[in-house]
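Please keep the chain in view while reading the points below, which take up cysteines, aromatic rings and one surface patch in turn.

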Amino acid sequence: MKISLCSDNIAGASEAVIEAMVQAARMEAMPYGNDDQTRQVERMMSEFFECEVDVFLVSTGTVANCLSLSVMTPPWGSIFCHPESHINVDENTAPEFFTHGAKLISVEGESGKMDPNKLSQLIKQKVSDVHVSPSSAVSLSQVTEIGSLYSLDEIRTITDIAKSAGLKVHMDGARFANALVSLDCTAAEMTWKSGIDILSFGATKNGVMAAEAIVVFNRDLAYELGYRRKRAGQLHSKMRLLSAQMIAYLSNNLWQKNARHANAMTALLQEGLRSIPGVVINTPAQANILFCTMPAAMIEHLQKAGFSFYGGRWEEGVIRLVTSFQTPAEGINAFVQCARDFAASS
């Protein structure tokens, strides 16, 4: 069985999500979020996060991140993030576009996570100097771009540093569910109880067709965000079609089942690869992303055998393997066996 491990974006949508969209498409409802389904999403999100929240549904993760950041900084402000973060590497200049020019400042750190000491130093540099972009916000990714996780204590350390300097904190949760099941904590504990002001609640990578949610805990930011969403062309007229997806995702623990499966498939992949000569696990799997190093000949062999994955974007021999809620265990075993057979014959 040949599988693709390029990204969890290659997977389609869960059956429950598709069925919910079909049902929503058959009904009439008021437009622009003035429908029962959208109000239900708001109630479900408040229950999920154990507090009253404002919810803004959008159709992509990039716009969720960038609209969130746009209400946290003035155009002349700066946003601190890890150099490998999605907003810094994979969203072109969308953050600068939506914030009207705010500056992204990289904060180095091991395992794809910002070093709190470096963050603290950078925030304090040249405060109130008009020649320098003032500190405005911090954005952290959970899961990170290399598949690692911030622990709850690490999140709190980052947010404490930010809040002590008057900064707001955004969480890029493109793989929020994968992080949540891995840490075995509540959504509240990983967000507002740890000092997060706004969350980009990802769902598309975990079984939803095309719907993301901006979840606002600091509700002072909601008024402006409403206008910015409209200005960005993200106030969908048939909002119920996005809402229906999110309702299905939050119902019957679908988000949890999907994330657990994806994480389990990466764990299975790691277990199989770690014993193969020539394969080095670069970052131990914590969610559904695995980076490893392989001999070039082994990579070529796997690709010729029909397996697809990303390589060549990082150091020589480094590949990224990502599993999804649809990844079959049989496919993982086939991938591992193919690599093992090549190593044995070399």
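Is C185 buried or exposed?

1. In this predicted model, C185 is buried, because its relative accessible area is 14%, a value under the 20% that marks a buried residue. A search of the whole structure finds zero disulfides. C185 accordingly has no such partner, and the nearest cysteine sulfur, that of C51, is 14 Å away. C338 is in no disulfide either, with the nearest cysteine sulfur, that of C292, 13 Å away, and C338 is also buried, at a relative accessible area of 12%.

2. The count of aromatic pairs comes to 13. In one of them, F49 and F201 meet edge-to-face, with 6.1 Å from centre to centre and 80 degrees between the planes. This pair links distant parts of the chain, since F49 belongs to helix α2 (residues 36-49) and F201 to strand β6 (residues 198-201), 152 residues apart. Both F49 and F201 are buried.

3. F201 also pairs with F176, in a tilted arrangement with 5.6 Å between centres and 55 degrees between the planes. Because F176 lies in helix α8 (residues 176-183) and F201 in strand β6, this pair ties together parts that are 25 residues apart in sequence. F176 is buried, as is F201. One aromatic cluster is formed by F48, F49, F176, F201, F217, Y249 and W255.

4. A charged side chain also meets a ring: R313 lies over the face of Y310, at 4.0 Å from the ring centre.

5. On the surface, I18, V22 and M209 make a nonpolar patch of about 220 Å². V22 lies in helix α1 (residues 15-25) and is partly exposed, with a relative accessible area of 35%.

Notes
Residues numbered from 1 in each chain as written. Predicted model: local features only at pLDDT ≥ 70, side-chain atom pairs only at ≥ 80, totals over all residues. Heavy atoms only, no water. Patch = residues over 30% accessible without salt bridge, like charges linked within 9 Å, V, L, I, M, F, W, Y side chains within 5 Å. Areas by Shrake-Rupley, 256 points an atom, 1.4 Å probe, with all protein chains shown as cover. Salt bridge = Lys/Arg side-chain N within 4 Å of Asp/Glu carboxyl O. Helix = DSSP H or I, 4+ residues; strand = E, 2+ residues; numbered from the N terminus. Buried < 20%, exposed > 50% of the residue type's maximum accessible area, 1.4 Å probe, protein only. Disulfide = S-S within 2.5 Å. Phe/Tyr/Trp six-rings, centres within 6.5 Å; stacked < 30°, edge-to-face > 60°. Lys NZ or Arg CZ within 6 Å of the ring centre and 35° of its normal.
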